[in-house]
Amino acid sequence: MRSAQTRPRQAADLHQQLPELRPGQSVELLKELHILTRDGRLNQDTRRKLKQVYHLVQFIEPLLQEVLDQRGDVVLADHGAGKSYLGFILYDLFFRPRGVGTVCGIEVRTELVDRSRALAQRLGFERMQFLATTVHEALHHPDLPPTIDVVTALHACDTATDDAIRFGLARQARFMVLVPCCQAEVAGVLRRNKALSLARTPLAEIWRHPLHTREFGSQITNVLRCLQLEAHGYEVTVTELVGWEHSMKNELILARRMGAPRPNAQQKAATRLREVLQELQLKELASRFEV
């Protein structure tokens, strides 16, 4: 069995060998997440995954620090956490060194929650908690802190990003950081109403072919999400997360809740949201993007 003195020495050696690793970063965590192999190596796929997560962390760390500076504490809820790659790495790089703050992983699959709980316990990440719950239950879950400062949703599939937005709005999150993934609901509605739309406007040619409908539906979904956030008083920025050569699903939506109400801007966003739904024959989805 390796001694306690040997493990830190080996970790230090790995940090020297792998310039991608951050100072003080837990080598054991990266091995548990299968980003590092058991002998401490990075392959091409895991190096790319680590680069993507680091890039996202660069966006989130200043938001966490801003909240921490203002109120002396910070709570992050990672919605649709899956295996909690993002939550664990954020905790390791930001929360653990500062000795303050909480990360809550919200995931409906019990087996993934149990695995994350066990890993957090092994690593001594005592301010991480994991809940096996739906978004509806999470809105009023007694085990969640009353204040949620930052909501993240990384590659939450289909309508899971909408669930994360609903959660963030209900908890009046200061920031939301969203990386949407595939979304089929809007494309399905576009296809159902294709005949009517083709008769109304030549722009409906955009969704004559299934591939175009899918991609157009995904883009319109994110447009509607941004308008919904703006209508609720958030300032929204949309940018690329990584280069297109790494992933086609790389849209990053950053939303900041403004301190003072902006009734004119919020009303304008709400009006535009309703107009887009009307123009594209998507009125049946009004409840999903409700204001």
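Colleague: In which segment is Q281 found?
Modeller: The model is a predicted one. Helix α11 covers residues 263–279. Q281 is found in the segment after α11.

Colleague: Is Q281 buried or exposed?
Modeller: Buried means under 20% relative accessible area. Q281 has a relative accessible area of 11%. Because that value is under the cut-off, Q281 counts as buried.

Colleague: Phi of Q281 has which sign, and what value is it near?
Modeller: Q281 is a residue other than glycine. Its phi is nevertheless positive, and the value is near 60°.

Colleague: Where does S84 lie, and what is its phi near?
Modeller: S84 lies in the loop between β1 (75–79) and α4. With a relative accessible area of 3%, S84 is buried. S84 is a residue other than glycine, and its phi is positive, near 65°.

Colleague: Which residue that follows α4 has a positive phi?
Modeller: Helix α4 covers residues 85–98. The residue that follows α4 has a positive phi, near 70°. That residue is G99.

Colleague: What distance does α4 reach from its first C-alpha to its last?
Modeller: α4 has 14 residues. At 1.5 Å a residue, the expected reach is 20 Å. The reach in the model is close to that, at 20 Å.

Colleague: On which residue is the kink in α4 centred?
Modeller: The kink in α4 is about 45°. The residue at its centre is among the buried residues of the helix. The kink is centred on Y91.

Colleague: How many of the residues of α4 are buried?
Modeller: α4 is mostly covered. The buried residues include Y85, L86, G87 and F88, and also I89, L90, D92 and L93. Of the 14 residues in α4, the number buried is 11.

Colleague: How do the ring planes of F88 and F125 stand: stacked, edge-to-face or tilted?
Modeller: A search of the whole structure finds five aromatic pairs. The rings of F88 and F125 have their centres 6.3 Å apart. Planes under 30 degrees apart count as stacked and over 60 as edge-to-face. The planes here are at 45°, so the pair is tilted.

Colleague: How many residues apart are F88 and F125?
Modeller: F88 is in α4, and F125 is in the loop between α5 (110–123) and β3 (128–132). F88 is buried at 0% relative accessibility, and F125 is buried at 5%. The pair links distant parts of the chain, 37 residues apart.

Colleague: Which residues do ring pairs link into a cluster?
Modeller: F88 and F125 both belong to the cluster. Ring pairs link F88, Y91, F94, F95, F125 and F130.

Colleague: The charged end of R98 sits over the ring of which residue?
Modeller: Two such placements can be described. The charged end of R22 is 4.4 Å from the centre of the ring of Y54, and sits over it. For R98, the charged end is 3.8 Å from the centre of the ring, and that ring belongs to F94.

Colleague: What distance in space separates S116 and K83, C-alpha to C-alpha?
Modeller: S116 lies in helix α5 and is buried, at 4% relative accessibility. Leaving out residues up to four places away in sequence, S116 touches G82, K83, S84, F88 and F130. S116 and K83 are 33 residues apart in sequence, but their C-alpha atoms are apart in space by 6.6 Å.

Colleague: Which residue in β7 stands opposite L178?
Modeller: β5 (residues 175–180) and β7 (residues 251–257) run antiparallel, joined by four bridges. Opposite L178 in β7 stands I253.

Colleague: Which residues of β5 point the other way from F175, V177 and V179?
Modeller: In a regular strand the side chains alternate between the two faces of the sheet. F175, V177 and V179 point one way from β5. Six of the six residues of β5 are buried. Those that point the other way are M176, L178 and P180.

Colleague: Which residue of β5 is in contact with T152?
Modeller: T152 is found in strand β4 (residues 150–156), and at 1% relative accessibility T152 counts as buried. Beyond its neighbours within four places in sequence, its contacts include I60, L76, A77, D78, H79 and L86. The contact in β5 is V177.

Key: Residues numbered from 1 in each chain as written. Predicted model: local features only at pLDDT ≥ 70, side-chain atom pairs only at ≥ 80, totals over all residues. Heavy atoms only, no water. Buried < 20%, exposed > 50% of the residue type's maximum accessible area, 1.4 Å probe, protein only. Helix = DSSP H or I, 4+ residues; strand = E, 2+ residues; numbered from the N terminus. Pairing = 2+ DSSP bridges. Contact = heavy atoms within 4.5 Å. Phe/Tyr/Trp six-rings, centres within 6.5 Å; stacked < 30°, edge-to-face > 60°. Lys NZ or Arg CZ within 6 Å of the ring centre and 35° of its normal. Expected span 1.5 Å × (residues − 1). Bend = angle between axes of the 7 residues up to and from the residue.
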